[in-house]
Amino acid sequence: MCLINLQIPSRLIYLDKMAGVPSAFSQVDLAPPVVVFKVRDEYLADTSEQKINLSVGAYRDDQGEPWVLPVVRSVEAEMATDPTLNHEYLPITGLPQFCKVATELSLGSDSAAITDNRAAGVQALSGTGALRIAAEFLKQFYQTHDPGTVVCYPDPTWGNHDKIFMYAGFDDRRKYRYWDAKNRCLDLDGMLEDLEKLPEYSIVILHACAHNPTGVDPTKDQWSRIADACKSRNLFPIFDSAYQGFASGDPDEDAWSIRMFEKAGFELFVCQSFAKNFGLYNERVGNLVMVLKDSDSLLRARSQMELIIRGMYSNPPCHGARVVATALSNPAYYSQWRDNVRTMSDRIKRLRQATYEKLKILGTPGKWDHIVKQIGMFSYTGLNPAQCEFLSKQKHIYLLKSGRISMCGLTDANLDYFVQSLHEAVVSVCENKL
Ligand code: PMP
């Protein structure tokens, strides 16, 4: 091995002069850990054979393993032998065919906004990235660039909403009521009242389906009333669509709220993620759908979005977008994807039912039908923090302190243990809280 003798002139060695000078970052506060990743680390460090991780928002199969969708495997196999594919940069706004089919999946291929050329998508770094570029764009161009524009999201909501809009420079971030803790359902009256009190033209984040963390979605009737409230204050809706297909098993049904708003004439954004419904978590496949009033505004908005993306990360990765574009463009793959999505959502529904029935057999105090009424990956159990702590400390079952569990972490093999532990938590730790 040849070692290079690095001769540095002594006048360039500053160590003496720098001694005692603190780091430019010595004043930086130590940030708190991101909760869901901290819980995952605690789970990984636990050596118990009974341990269960119910914190992570990722699908698991009946064996508790990550699942690569068969349609993804098929498309990837085809891609691996396609000599025409290469690793050139994508356009700044992403793979055109991906943006097209992803936008159609969201709005419906018969969408008037698409036909009128006033709706289009730009590829994003999964759902988070779509929200991030949406926030950046809105900060610069929404309304009259009003620095005081309010952004409002449900209480509770996915933990990243606040951070994303904070880092984009929105100082006035508010919450609207969403969860009725007493009855464990949607607090529709509270939500409508809060939306109707917002300053005109506020930005409002709505979960398109499978609300995270509560698993509670508005009914179609309730959605119509929410649309009325948004219209009455001229709110700008951003639909966070991270679970299309995952909730009901039917991607069209899960896009109902978005399509209803589009038909009602709103300008809106949809932040789509293909992490869950394609199992492409780490490929970071997302799409930001912009539905505007006219094609000219869309053209100009898209051009500015291009500059924003260029300055943030230049252009998106290709692999996952190719997988999604191929699967959604080919009828045989598309139907296989719908089957795969149904497999995931059916497994979750079966686990909800089984959990509920076992709790009933045990006679666990409290009402548990919310477990079956809730939809999507998560269930807001209603457990209090002490009961959650009992489960993790005594039973090796890891969940968020809010009582949110990912149903996907349950399997036929661990379900009895989970339900028995839940029963014990309810009976022995502050029973009256439920
Ligand atoms: N929105 C919601 C409500 C979510 O639950 C998630 C995933 N946890 C996302 C957006 C975005 O996830 P990703 O960036 O992985 O697509």
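No disulfides turn up in this structure, which is a predicted model. A disulfide is a covalent bond between the sulfur atoms of two cysteines, and the cut-off for calling one is 2.5 Å between the sulfurs. C185 misses out because its sulfur sits 19 Å from the closest cysteine sulfur, that of C209, which is too far for a bond. For C318 the closest cysteine sulfur belongs to C99, and at 11 Å that pair is also too far apart for a bond. As for their surroundings, C185 is partly exposed, with 29% relative accessibility, while C318 is buried at 15%.

Salt bridges are another story: a search of the whole structure gives 24 of them. One of these pairs D62 with R347, with N and O 3.0 Å apart. The two partners are 285 residues apart and link distant parts of the chain, D62 being in the loop between β1 (52–53) and α3 (70–80) and R347 in helix α14 (residues 331–362). Their exposure is worth a look too: R347 is buried, with just 6% relative accessibility, whereas D62 is partly exposed at 34%.

Helix α14 also supplies K358, which forms a salt bridge with D416; here the closest N and O atoms are 2.9 Å apart. Again distant parts of the chain are linked, since D416 belongs to helix α17 (residues 415–428) and the partners are 58 residues apart. Both ends count as partly exposed, with relative accessibility at 48% for D416 and 29% for K358.

Helix α17 takes part in a further bridge, this time through E424, whose side chain meets that of K395 at 2.7 Å, N to O. K395 lies in helix α16 (residues 385–395), so this pair ties together parts of the chain that are 29 residues apart in sequence. K395 is buried, with a relative accessible area of 16%, and E424 is partly exposed at 27%. Beyond individual pairs, salt bridges with shared partners join D62, R347, R350 and D412 into one network.

Another lysine of helix α14 is K349, which is partly exposed at 39% relative accessibility. K349 and F390 are 41 residues apart in sequence, and their C-alpha atoms are 26 Å apart in space.

Now for the ligand. There are 13 residues around it, and S126, T128, D240, Y243 and S273 come nearest. By type, this shell splits into six polar, four nonpolar and three charged residues. Helix α6 (residues 126–141) makes the largest contribution to the shell, with three residues.

Several side chains get within polar-contact range of the ligand. S273 places a polar side-chain atom 2.6 Å from a ligand oxygen, and R284 does likewise with a ligand oxygen at 2.8 Å. K276 faces a ligand nitrogen instead, with an N or O atom of its side chain 3.4 Å away. Taken alone, the ligand exposes 400 Å², and 90% of that is buried by the protein.

The backbone has a few oddities as well. Most residues other than glycine have a negative phi, and most peptide bonds are trans. S126, one of the residues that come nearest to the ligand, has a positive phi of about 60 degrees despite not being a glycine. S126 is in helix α6 and is buried, with 1% relative accessibility. N117 is a second non-glycine residue with a positive phi, about 65 degrees. In contrast to S126, N117 is in a loop, the one between α5 (112–115) and β2 (119–125), and counts as exposed at 53% relative accessibility.

Cis peptide bonds show up too. The bond from D155 to P156 is cis, with omega near 5 degrees, and P156 belongs to the loop between β3 (151–155) and α7 (160–167). The bond from N212 to P213 is likewise cis, with omega near 20 degrees. P213 is found in the loop between β7 (203–207) and α9 (220–232).

Conventions. Residues numbered from 1 in each chain as written. Predicted model: local features only at pLDDT ≥ 70, side-chain atom pairs only at ≥ 80, totals over all residues. Heavy atoms only, no water. Buried < 20%, exposed > 50% of the residue type's maximum accessible area, 1.4 Å probe, protein only. Salt bridge = Lys/Arg side-chain N within 4 Å of Asp/Glu carboxyl O. Helix = DSSP H or I, 4+ residues; strand = E, 2+ residues; numbered from the N terminus. Near = heavy atom within 4 Å. Polar contact = N/O pair within 3.5 Å; in protein donor to acceptor, adjacent residues only side chain to side chain. Areas by Shrake-Rupley, 256 points an atom, 1.4 Å probe, with all protein chains shown as cover. Nonpolar A, V, L, I, M, F, W, Y, C, P; charged D, E, K, R; others polar.
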